[in-house]
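Work through the exercises below with the sequence and the structure side by side. Try each task before reading its solution.

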Amino acid sequence: MPDPIDWTEWYEMTRSQPPNDLLVEALSHAKDIGKAIDIGGGALKDSRLLLQKGFDVTVIDKSPLLEKEAGEIKNPRLHYFMTSFEDYSFPVEEYDLASAMHSLSYCDPVYFDHVITNIKSSLKKGGIFCGQMYDSCDQWSKNLQAHRTYTTADQARKYLSDMEIILFKEEETEKGRTKHWHIYDFIARK
Ligand SMILES: C[S@@+](CC[C@H](N)C(=O)[O-])C[C@H]1O[C@@H](n2cnc3c(N)ncnc32)[C@H](O)[C@@H]1O
């Protein structure tokens, strides 16, 4: 299904931004610098950090813009696949870190459970899963854009209940933002 969102502007805006703070924090909990997956990597600001830290990085994103972004990073430790999370065959017990920064809410709700299960099973024991889930009070839920998945705090925690939750932070604010945010930041260990 074609993506109803044109990501060009987002990519332009974020390409030279620093990596997501939540990923920086998650890295302080990573035991091994081995393999990482950047799920919905966008303009790759987080993949760049992971490469710098020494990870072998797989990035998946369904946007055709991915090819150009990845092509500009000349690093043999970067592997990229233009695919959706719903379709990607996540390998089992492969990654030390799975990062899904501001991307999971774009998953087709029908496949959300399946995608979360696959992400968790792709982690090695001790591996870190970090990212955000979005609440239905987040302003983006009012947009009629297809395939967005929203959770309550309880649901978000339940998705992580078979992991050690290192951080679970609810953020609801408009301050300094262009919209009403209501999200759950998380860092969890398998
Ligand atoms: C808000 S951007 C976040 C990008 C990046 N993680 C960041 O923090 O800048 C969401 C990204 O998810 C990707 N995306 C959306 N739905 C997807 C899906 N179903 N499968 C894979 N990627 C998806 C988009 O192409 C976009 O690059």
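The exercises go from the overall fold to single residues.

This is a predicted model, in which local features need pLDDT of at least 70, side-chain atom pairs count only at pLDDT 80 or more, and totals for chains, interfaces and linings use all residues. Residues are numbered from 1 along each chain as its sequence is written.

**Exercise 1. Fold**

Task: State the secondary structure of the protein and its order along the sequence.

Solution: Begin with the elements, which are DSSP runs numbered from the N terminus: helices (H or I, at least four residues) and strands (E, at least two). The protein has six helices and seven strands. Their order is α-α-β-α-β-α-β-β-α-β-α-β-β. Next, take the radius of gyration, computed over C-alpha atoms; the globule rule is 2.2 Å times the number of residues to the power 0.38. The radius is 15 Å and the rule gives 16 Å for 190 residues, so the protein is as compact as a globular protein of that length.

**Exercise 2. Core**

Task: Find which residues have the most contacts inside the largest nonpolar core.

Solution: First, fix the terms. A residue is buried if 20 or more other C-beta atoms lie within 10 Å of its own, exposed if 12 or fewer, and partly exposed in between, with C-beta atoms placed from the backbone. Contact means that two such C-beta atoms lie within 7 Å. A nonpolar core joins buried Ala, Val, Leu, Ile, Met, Phe, Trp, Tyr and Cys residues through C-beta atoms within 7 Å. Of the 190 residues, 40% are buried. The largest core holds 48 residues, and Ala-26, Ala-98, Ile-119 and Cys-130 have the most contacts inside it. Strand β5 (residues 123-134) contributes the most, with six residues. Leaving out residues up to four places away in sequence, Cys-130 touches Leu-22, Leu-23, Ala-26, Ser-99, Phe-186 and Ile-187.

**Exercise 3. Two helices**

Task: Describe how helices α3 and α5 are buried.

Solution: Take α3 (residues 45-52) first: six of its eight residues are buried, so the helix is largely enclosed by the rest of the structure. The buried ones are Lys-45, Asp-46, Ser-47, Arg-48, Leu-49 and Leu-50. Their cover includes α1, α2, β1, β2, β3 and β4. In α5 (residues 112-121), the buried residues are Phe-112, Val-115, Ile-116 and Ile-119. They fall within an arc of 95 degrees seen down the helix axis, so they line one face of α5; the arc is that of the directions from the axis to the C-beta atoms. These residues pack against β1, β4, β5 and α6.

**Exercise 4. Ligand shell**

Task: Which residues come nearest to the ligand?

Solution: A residue is near the ligand if its C-beta atom lies within 6 Å of it. Of the 20 residues around the ligand, Gly-40, Gly-42, Ser-63, Ser-84 and Tyr-106 come nearest. Elements that give two or more residues to this shell are α1 and β2.

**Exercise 5. Positive phi**

Task: Locate Glu-93 and His-102, and say whether each is buried, partly exposed or exposed.

Solution: Start from the background: most residues other than glycine have a negative phi. Glu-93, not a glycine, has a positive phi of about 50 degrees. Glu-93 sits in the loop between β3 and β4 and is exposed, with 11 other C-beta atoms within 10 Å. His-102 has a positive phi of about 55 degrees. The loop between β4 and α5 holds His-102, which is partly exposed with 16 C-beta neighbours inside 10 Å.
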